Amino acid sequence: MRIVLAPDSFKESLTAQQACDALAEGIRTVVDDVEFVDVPMADGGEGTVDALVDATGGERITTTVTGPLGGAVEATWGMLGDRMTAVIEMAAASGLPLVPAELRDARITTTYGTGELVRAALDRGARHLLLGIGGSATNDAGAGFASALGVRFLDSDSHDLPPGGAALAELASIDLTGLDPRLAWCQVEVACDVTNPLCGPNGASAVFGPQKGADPATVCALDAALARFANVVHEQTGRDVLEVPGAGAAGGLGAGLLAFADATLTSGVGLVARHAGLSERVVGADLVITGEGRIDSQTRNGKTPWGVAQAVHAAGVPVVAVAGLLGDGSDELAPEPFVRLWQASPPGQPLADALAGAHDNLVRCGQEIARWFVEAGPQSSGTVGGAN
């Protein structure tokens, strides 16, 4: 029997690789003759570095960079097994959890540290960059990112603007002469599952600014500043980033990556699946097991289990999905695209206990899946199971 294990992380409890290990541990207690293929997954957000490093036999690297408020932070990124592809989570350098709630100020936070991570990857010889841009603390349209790579943002007196999105209201010109030329040699792919434009009622400032400390007046000011940024970018580069779906991601970092790195914005789980070789690795498998902490009606909206099911559909291999908790609407996901859904935690188990016992719960779930597969197999579909 050949089983592909392709779960996301179980937030606050297990990494994707640890989830693979726990499921395999349980299955082995029931089935002796089984070959496991681990393809730890992510959706482009937290856990993407771990998933792709583990899936490709790559290397984790920690670099000291500038945090959202200007202080030093230690950020971990990865070089994949090909030694030419780097994977970076912008949240590691510029993420909201790096800023205490009482200090959140979307006017001044910067993506400079994200640019420093890109520069570190270029220094290591990267020729292909994969960036996950979820969870930002910033609203600077990627100006900080670009500054770290040599771009200058100038006011009408040719003075450099200070960090942060609010300063872009005074932007008069952009000096690109110092832009790191190595970016032009790189393919830049951005995991971006939001479609927000840079500005307007659905833009970066209006939708995401409040959680980053922006009151209504600040939202309006930042929206105008980012519109100014887009106008100057268009005047000087010919690139129109104002209305591009995804340009508003990560406080407008999507727009900055389009403008200065000629990036491609793509589905997060699709990007991870492609670079982990998921479609190729399921060929000849008897079963695929995916999952994450919660599966519910939102799973269809680009979540990892859904993306795994789509990626392996052509291979005709049955897919089982495992969740710490099955929420409302999960029953609509079986028998398509999942043959069967499993809740790993016992019904009614308190969240704290479920998180603490996640490994044991997944081991038991692996045992139940193995018994089901041996006794009934994929023909027993459309049902919900439990590991209790």
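Q: Which residue in β12 stands opposite V288?
A: This is a predicted model: local features need pLDDT of at least 70, side-chain atom pairs count only at pLDDT 80 or more, and totals for chains, interfaces and linings use all residues. Residues are numbered from 1 along each chain as its sequence is written, and side-chain values use heavy atoms, leaving out hydrogens and water. Strand β11 (residues 287–295) runs parallel to β12, joined by seven bridges (strands, DSSP E runs of at least two residues, are numbered from the N terminus; a pair needs at least two DSSP bridges). Opposite V288 in β12 stands V319.

Q: Which residue in β13 is the bridge partner of V320?
A: Let's move to another neighbour of β12. Four bridges pair β12 with strand β13 (residues 340–343) in the parallel sense. There, V320 is partnered by R340.

Q: How many of the eight residues of β12 are buried?
A: Buried means under 20% relative accessible area (1.4 Å probe, protein chains only), exposed over 50%, and partly exposed in between. β12 covers residues 319–326 and is largely enclosed by the rest of the structure, because its buried residues number seven.

Q: Which residue's side chain makes a polar contact with that of S136?
A: S136 sits in the loop between β6 (128–132) and α5 (143–148), and at 5% relative accessibility S136 is buried. A polar contact (N or O atoms within 3.5 Å, in protein a possible hydrogen donor with an acceptor; sequence neighbours count only through side-chain atoms) of 2.8 Å links the side chain of S136 to that of K212.
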